[in-house]
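Biologist: Before I go to the bench, I would like to go through this model with you, one question at a time. Could you begin by fixing the terms?

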Amino acid sequence: MVGLSIGEKYFIQGGIAQDLRTDGRKRLTPRPIFVETGVISQSNGSARVRIGATEVIASVKAELGRPSALHPDKGKVSINVDCSPTAAPMFEGRGGEELSAELSVALQRCLLGGKSGSGAGIDLSSLAIVEGKICWDLYIEGLVVSSDGNLLDALGAAIKAALSNTGIPRVNVAAGASGDEQPEVDVSDEEFLQFDTSKVPVIVTLTKVGRHYIVDATSEEESQMSSAVSISVNRQGNICGLTKRGDAGLDPSVVLDMISVAQSVSERLINTLDSQIAAAEAGEDEL
Amino acid sequence: MSSKETWMRQIRAEIGVVAKADGSAMFEMGNTKVVAAVYGPREVQNRSQQLNANALVRCEYTMANFSTGDRMRKLKGDRRSTEISLVIRQTMEECILTNLMPRSQIDIFVQVVQADGGTLSACINAATLALANAGIPMRDIVTSCSAGYLNSTPLLDLNYIEDSAGGADVTLGIMPKLDKVTLLQMDAKLSLDTFENVMQLAIEGCKAVADYIREILLENTKQLQYRRGT
């Protein structure tokens, strides 16, 4: 990104202080979101999300696997993000690894809950096939194609949309398998079960610039941030995960205030996102 | 020739998909989807590589983890990607008027979103559009198409299944106005006469892609004119 002059920096900070950002938005106004589903025909589910100039693609692939010994009745989900060099020249070669790792971990924290698997936004027990022997492994891959800030929110929305688009093939398990034998499974090519995404949270990032915080920062605004808090909230208004980035310290009362702001913003975001996803799926069915 | 073997897959292209890049394009050939972004001409990042009389052209080819049928744990910088990056770079460098931009750097990044055969061709077509979108001066556009030979029939624009069937696969890149071949790759074996037929078919395919690309660029220019109010 081309560097910002001192005048431009003051302009951005001053605008935010006066509730008038450089693109005319108010502090808590997000950019419009556009969702397209089913963009990768080879995956079980996929979605492409555009927020302003930020564009990300998420893909969900389901493969048969063995559940872990600690949770024999649950499937497994792994989330991985990759930053494409098309988004910024500095992502060339291994340049994007740090950011990719940061985004992957933040998404895992927001969507998959703690180490014990409790409180996950994605219901892992719906992925079990034969307890202790066979389960579905979901591989969620995110790709950042173009970056203009707010990557985490865009990826969260894309993953939610991709999961809504995901069809898990119906599996028929051969009866009569005993003991340690691997049961025979027949994976259907025709019938698919739609994945239940009603509990999947959305991620809202609040970026603190000066003494105020903004929703959905562009990369210019992010360059001026002192800190940012990303909060994942589900439909019930419960908080599913929280990540703070940036060097500056935050007063605890500020963090609590940010959380309540995120909860109200997320309600609107979930409604917008759900209607966009429904429209995208309907549009796809017509084709 | 109007039989089905000589039909190309449906192509679709869009310009300006990566807003922050100087030029970008998305190119689809059937199920193969590729995004190309061009950054430049800009200052050379690594002074030791600077060329005094020409622009430095760099290229990187990356495949998304989900782009192929089996999810692959890809390593960035694996041999195949490096080779393809090199091929794309050499092909595009040939058509860019690098002597007009000395001591500068042009980066071409190509990202494969979905791969279903003909990825190299789609990458070159996308790169051409992205360079044009960036306003980088070129001798001519470069278009590319692949053709193969299966069951004694020349086939145009192979998809992944056809490509893996064991017949030959010829990838061709031409500069249509100048009528020059800039890229020619083939694997497996073909007799010389068959090769000429297959190559001729690929050239027809390239020319069809060139017509489409020119249409897209013309439409884009009309849009720019319209926005300018002329």
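Modeller: A residue is called buried when its relative accessible area is under 20%, exposed when it is over 50%, and partly exposed in between, using a 1.4 Å probe and protein chains only. This is a predicted model, in which local features need pLDDT of at least 70 and side-chain atom pairs count only at pLDDT 80 or more, while totals for chains, interfaces and linings use all residues. Residues are numbered from 1 along each chain as its sequence is written, chains are lettered from A and ligands numbered from 1 in the order in which they are written, and side-chain values use heavy atoms, with hydrogens and water left out.

Biologist: What relative accessibility does Lys76(A) have, and with which residue does its side chain meet in a salt bridge?

Modeller: A salt bridge here is a side-chain nitrogen of Lys or Arg within 4 Å of a carboxyl oxygen of Asp or Glu. Lys76(A) counts as partly exposed because its relative accessibility is 32%. The pair is 3.3 Å apart, N to O, and the partner of Lys76(A) is Asp137(A).

Biologist: Which strands does that pair link, and is Asp137(A) buried or exposed?

Modeller: Helices (H or I, at least four residues) and strands (E, at least two) are DSSP runs, numbered from the N terminus. Lys76(A) lies in strand E4 of chain A and Asp137(A) in strand E6 of chain A, 61 residues apart, so that distant parts of the chain are linked. With a relative accessible area of 8%, Asp137(A) is buried.

Biologist: How many residues does each chain give to the contact between chain A and chain B, and what area is buried there?

Modeller: Contact means heavy atoms within 4.5 Å, and by that rule 32 residues come from chain A and 30 residues from chain B. Buried area is the accessible area (1.4 Å probe) that two parts lose on being put together, summed over both. Carbon and sulfur atoms give 51% of the area buried between the two chains, which is about 2,600 Å².

Biologist: Which salt bridge can you name among those across the interface of chain A and chain B?

Modeller: The rule finds 2 salt bridges across this interface. One of them, at 2.9 Å from N to O, joins the side chains of Glu92(A) and Arg58(B).

Biologist: Where is Glu281(A) placed, and with which side chain does its own side chain make a polar contact?

Modeller: Glu281(A) is in helix H5 (residues 252–286) of chain A, and it counts as buried because its relative accessibility is 19%. A polar contact is a pair of N or O atoms within 3.5 Å; within protein, one must be able to donate a hydrogen and the other to accept it, and residues adjacent in sequence count only if both atoms are side-chain atoms. At 3.2 Å, the side chain of Glu281(A) makes such a contact with the side chain of Thr37(A).

Biologist: How many residues of H3(A) are buried, and what span should its residues have?

Modeller: H3(A) is largely enclosed by the rest of the structure, because 14 of its 14 residues are buried. The expected span of a helix is 1.5 Å times one less than its number of residues. The end C-alpha atoms of H3(A) are 20 Å apart, which agrees with the expected 20 Å.

Biologist: Which residue follows H4(B)?

Modeller: Helix H4 (residues 192–228) of chain B has 37 residues and reaches 53 Å from its first C-alpha to its last, close to the 54 Å expected. The residue after H4(B) has a positive phi, near 90 degrees, and is Gly229(B).
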